[in-house]
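Biologist: Please show me the model, and then I will ask how you arrive at the words you use for it.

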Amino acid sequence: MSSVYAGFGAVKLDANRQAGAMMGFVLYDYWRSSAAYRVRIALNLKELIYESRPVHLVRDGGEQHGAEYQAINPQRLVPSLLDGERVITQSLAIMEYLDETHPETPLLPADARGRARVRALAMTVASDAHPIGNLRVLQYLQSQLNVDELQRAEWSRYWIGISFNALEAMLSQNAATGRFCHGEVPGMADACLVPQFYNALRWKLSLDKYPTVKRIYHECMTLEAFQRAAPEVQPDAPEASS
Ligand SMILES: N[C@@H](CCC(=O)N[C@@H](CS)C(=O)NCC(=O)O)C(=O)O
């Protein structure tokens, strides 16, 4: 059920990264979870080795609701990161934790103003947009409010569109935007943007209105760290999706 990501090929791990690997990161993961996708990107950007432990969010009513996983994360959401004995939940908190404990290849800028901007971009996705389209929300719409499949897809597109309207303005109207969301290196905001873009593609949102968001997504996807984090190449992804 689990697999170890050690596929760095010719990349030689330095002492800091070897320490991270030896401390034993375990990521409770699901191939299609965009919150877990953010953390996979962050781990890959920092070249930290981790063991992926998939939690199937749909099968048998969802493994996240089982007692075993609830003991790890009472919120019954993925991701959760185990760092040795410690459990860390919430993708943004996990990324900040990784940044503080493994500062090489920072996910946040060095200056306070830059950090505030990157966090604002990340939270536009992670705090405001993503929760509305989460699995449990869509399941509630279906089972309790009888919202049909087409309407649920419309719901998802609508709320992703709202967040992309904001992201497009925040990115296109700010000189700090570069090749990536903030400057010339990818970071936490990119780790949130890319999975949300994947969701937009999944729900067939028209992306013409978001040229900057689209450009940054494609920039990110030229990088191995993002490619290796993509849902369709995860060990628990169904065959048909790869
Ligand atoms: N704010 C949380 C969100 C986590 C979250 O919503 N995860 C989703 C997958 S993307 C999940 O586990 N959903 C399970 C469910 O809805 O039952 C984070 O950033 O980690």
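The questions below ask for the grounds behind each term.

Modeller: First, this is a predicted model, in which local features need pLDDT of at least 70 and side-chain atom pairs count only at pLDDT 80 or more, while totals for chains, interfaces and linings use all residues. Residues are numbered from 1 along each chain as its sequence is written.

Biologist: Why is P103 called exposed or buried?

Modeller: A residue is buried if 20 or more other C-beta atoms, placed from the backbone, lie within 10 Å of its own, exposed if 12 or fewer, and partly exposed in between. P103 has 12 C-beta neighbours inside 10 Å, so P103 counts as exposed. P103 sits in the loop between α4 and α5; helices (H or I, at least four residues) and strands (E, at least two) are DSSP runs, numbered from the N terminus.

Biologist: How many residues of the protein chain count as buried?

Modeller: Of its 242 residues, 37% count as buried.

Biologist: What makes a set of residues a nonpolar core?

Modeller: The members are buried Ala, Val, Leu, Ile, Met, Phe, Trp, Tyr and Cys residues joined through C-beta atoms within 7 Å. The largest such core here has 55 residues, and A42, M95, A122, M188, L193 and V213 touch the most other members. Elements giving two or more residues to this core include α2 (34–45), α4 (91–101) and α9 (211–220). Domain 1 (3–105) and domain 2 (112–226) each supply at least three residues; the domain bounds come from an automatic or database domain assignment.

Biologist: Which residues is V213 in contact with, beyond four places in sequence?

Modeller: Contact means C-beta atoms, placed from the backbone, within 7 Å. Leaving aside neighbours within four places in sequence, V213 is in contact with F164, L167, E168, L171, L193 and F197.

Biologist: How do you know where the ligand lies relative to the two domains?

Modeller: A residue is near the ligand if its C-beta atom, placed from the backbone, lies within 6 Å of it. There are 16 residues around the ligand, and S33, L77, S91, L135 and R136 come nearest. Domain 1 and domain 2 both give residues to this shell, so the ligand lies between them.

Biologist: Why do you say that β4 and β5 pair?

Modeller: Strands pair if DSSP finds at least two bridges between them. Strand β4 (residues 80–83) and strand β5 (residues 86–89) have 4 bridges, in the antiparallel sense, and S80 stands opposite T89 in β5. The two strands form a hairpin with 2 residues between them.

Terms used
Contact = placed C-beta atoms within 7 Å.
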